[in-house]
Amino acid sequence: MKKISGILMLLIYICVASTLLNEAFVSSYNMQNIARWSALFGIIGIGVAFVIITGGIDLSIGSVIGLIGCLLPMLMTQYGWSVPMSLLAVMIVSLVIGLIHGLLITKMKLQPFVVTLCGLLVYRGLARWITGDQTQGFGTEYDRTLRLIATGKPCSVAFVILVVGTVTALWFAWRLVKELSASSHERRLGTSLFGAIAGLTLAVIGSSRFWYGFEYERGTALTTLGGWNLTTWQLNIPEAGARLPGELMWWVGLLFVPATLWFVVTAMRSDWRKTMGPLVAVGAAAALLAGAIWVVAQPDSWFLPSENAADRWRMAAVFLSLGLFMGTLAWLAQNGLRAGGEAARLPLLVASSTAVLWLVGKTSIVRRAVSDSPAAESLDWLLGKTSIGETLVPAPFFVLMVLGAVAAVFLNMTIYGRYLLALGRNEEAARYSGIKTDRMVILAYVICAGTAGLGGILFALDGNSVQPSGHGSFYELYAIAAAVLGGCSLRGGEGSILGVVIGAAVMRVLYNSINLLGIPSQLEFAIIGAVILIGVIVDELVKRVAARRRALHEAAFAEEARAKTAMLERTERMLK
C-alpha cells in the first residue's frame, strides 16, 4: 500500500506542477488524450506485470502489438473477413505466441530474456514480410462502428463519478451493516461510515449534471443484431448543469480546512512535540509555494539574466516549492498519525480526500473563468472546456477498468494468483510445496501476450494506420516501466494491478508535461529514464530502511524477551 501511495503522490505532484505552469494541461482535450493513452499503455502494463511477478521478463510486447496491428486491418480489408472472425483470429495468434514463449522457457529451460528478445525480432520481421512493408489501415468504413472501441467517448466524467460513488456507497453500507451485526471494532465502523458518506457525496456530485434536465438525441447506427438496431446516442446538457459538478466539488472540498484543523488538534493533544516541527515546515513551504505561483505570473522581462531563461526559472520555482510542500505534508501526516494513533486516522482521511475534490473543483471553476476572456476564447479550438460535466471519458479507459478489475481479482483473490506470487518469491520452494510452476509460468506469458494482442487491436483502431516497421516500437519499455513504477519487483514475488495502472498514468502524464512545458523533445527519453531510475532507487532505499527498522525492532523484542526470561529465572531461584 505504501508503494501505491508513493506513486500516487508522484502522479499528483506532476499534475499539479504542470497545471501551475501551463493551464492547457487541464483542458478537456488534453485530459482526454492523457486518459486514452494511459489506458492503452495500462492494458499492456497489466499483462507484463504478471510475467514480472513470476520473476520473468517479456521484451516482445511491442513487436506483438505491431504484428497484431498489421494483421487485423489486413484480414478485414484485403481478405474480406468479418469483424468477429478477424478479432478472434488475431487474439488466437497472440495467445499462441504467449504459449510458445512459456513452453520454450519451461520445457526447453531457455532464459526469458533470450526467448522474448528473439520474439521481438521475429514478430517485427513477420509483420514486415506479411504486409510487404506496406502501411495497413481501416479506411473510413469503420470510423463510426468498430473504431469507436478505441476512439469513442461514451460518457462524461460526471457520469463515471456518479457510478463510482453509487457503487462505493452501497459497498461500504453493506460492510457497515455487516460490522454492526458482528459488533466490530469502532475504527472499522468509522472507516465504513466514512466510505458510505464519501460514496454518497460522489453520487450526488455526479448526478448534479442532470439536475437542470437534458435532451436525448439518437446518433448513427453502430450495428444490427437480428431485428434490433444498436445506435449511438448523446445527451445535450444545459451549461448550468455542466458546471454544477465542478462547483459542488469545490464547495465540498472546502471541508479540507476544518478536517485539517481536526487532524492537527488531535495529533497535538497526544504529542505536540512530534507535530509542531512538521506544522511549522508546512507553513513555510506553503509560503514558498505561494511565492512560486506569483513568480510564474510575472512577464518574461522580469527574469534574469535574460528572457530566454524565464521558463527555466518558472519550472524550477514550481517544481522545487511544490516538492517541498508535498514533502512537508507527508512529514506532518506521518508524525500526526504516530502521535494521534487511530484517533487521527479518520480526520486525515477526510482532509486528504476533500483536498483532492477541492483541487479538481477549483481547477474547473478557474479554467471556466479564464475561458470567458477574449484571449482564451480564441484558443477554444485547442484547449476545449474543462467542466467535469462536459469532459468525456475515452472508451479505452473502460476497457482498462474492466481488465484491471478482473486482473486484480485473479491476482489477489484466487489460488492461482497466490501461486504466481509464491513462484516469484521462491520458485524452488513453490515447486516443493506442490505448485505446478511450469503451468504458472506458461499462464503468465499467455496472459501477457493476450493483453499485448488486445493492446495491438486498440492501438491499430486508434491510429487507423499501421506502419509495420515502427508500430509498437519501444512500447514494451513503457509497459515494463509502468509495472516497475507501480511496485512490481524485477526479482519477482511483488506486484499490484492498481499500482501498474497508476504507473502507466505517470508515464503518459510525464510525457505530456514535457511537450506542454516546452522542454526539448530530445530530452524526452532522458527525463523519463531519470524518473524511472530515481523511482527504483527510492524504492530500494525505502526497502533497506524498512528492513533495518524491522531488524532493530526484532532485536529489541528479542532482548526484551531475554530480559523477561532472565528475570523469571531469577524469581524462580529466589522462590526455591
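**Salt bridges**

I counted salt bridges first and got 7, taking a salt bridge as a side-chain nitrogen of Lys or Arg within 4 Å of a carboxyl oxygen of Asp or Glu. The model is predicted, so I keep its limits in view: local features need pLDDT of at least 70, side-chain atom pairs count only at pLDDT 80 or more, and totals for chains, interfaces and linings use all residues. Residues are numbered from 1 along each chain as its sequence is written, and side-chain values use heavy atoms, with hydrogens and water left out.

I looked up D462 and found a salt bridge with R36, the closest N and O atoms being 2.8 Å apart. D462 sits in helix α18 and R36 in helix α2, so numbered because helices (H or I, at least four residues) and strands (E, at least two) are DSSP runs counted from the N terminus. The two residues are 426 residues apart and link distant parts of the chain. D462 is buried at 15% relative accessible area; buried means under 20%, exposed over 50%, partly exposed in between, with a 1.4 Å probe and protein chains only.

Next I took D438, which forms a salt bridge with K107, with 3.5 Å between the closest N and O atoms. D438 lies in helix α18 and K107 in the loop between α4 and α5 (112–130), so the pair ties together parts that are 331 residues apart in sequence. D438 is partly exposed at 22%, and K107 is exposed at 52%.

A third salt bridge joins D133 and R128, the closest N and O atoms being 2.9 Å apart. D133 is partly exposed at 31%, and R128 is partly exposed at 37%.

**Start of α18**

I then went to T437, in helix α18 (residues 437–463). T437 counts as buried because its relative accessibility is 3%. Contact here means heavy atoms within 4.5 Å. Leaving aside neighbours within four places in sequence, T437 is in contact with L423, E427, A430 and R431.

**Cysteines**

How many disulfides does a search of the whole structure find? The search finds 0, a disulfide being a pair of cysteine sulfur atoms within 2.5 Å. For C155 the closest cysteine sulfur is in C15, 20 Å away, which is too far for a bond. C155 is buried, at 14%. C448 is in no disulfide either, with the sulfur of C488, the nearest, 11 Å away. C448 is buried, at 1%.

**Nonpolar cores**

I use nonpolar core for a set of buried Ala, Val, Leu, Ile, Met, Phe, Trp, Tyr and Cys residues joined through side-chain atoms within 4.5 Å. The largest has 101 residues, and I44, I46, V48, I61 and F459 touch the most other members. Helix α2 (residues 28–53) gives the most to this core, with 14 residues. I listed the partners of I46, not counting residues up to four places away in sequence: L400, L403, G404, A407, I497, V500 and V501. Apart from this core lies another, of 6 residues, among them A158, I161, I205 and I388.

**Helix α4**

Is S94, in helix α4, buried or exposed? S94 is buried, with a relative accessible area of 0%. Leaving aside neighbours within four places in sequence, S94 is in contact with I68, A449, G450 and G453.

I92 is in helix α4 (residues 83–106) too, but is partly exposed at 45%. I92 is one of the residues of a nonpolar surface patch, together with Y79, W81, M85, L88, V96, I100, L104, M108 and L110, with about 940 Å² of accessible area together. Patches are made of residues with over 30% relative accessible area and no salt bridge; like charges are joined within 9 Å, nonpolar side chains (Val, Leu, Ile, Met, Phe, Trp, Tyr) within 5 Å. The areas come from the Shrake-Rupley method with a 1.4 Å probe, and for residues only the protein chains shown count as cover.

**From N464 to G487**

I noted a positive phi near 65° at N464, which is not glycine. N464 lies in the loop between α18 and β6 (465–466) and is buried at 18%. F474, also not a glycine, has a positive phi of about 70°. F474 is in the loop between β6 and α19 (475–485) and is partly exposed at 48%.

Helix α19 is mostly covered, with 10 of its 11 residues buried; among them are Y475, E476 and Y478. G487 follows α19 and has a positive phi, near 110°.
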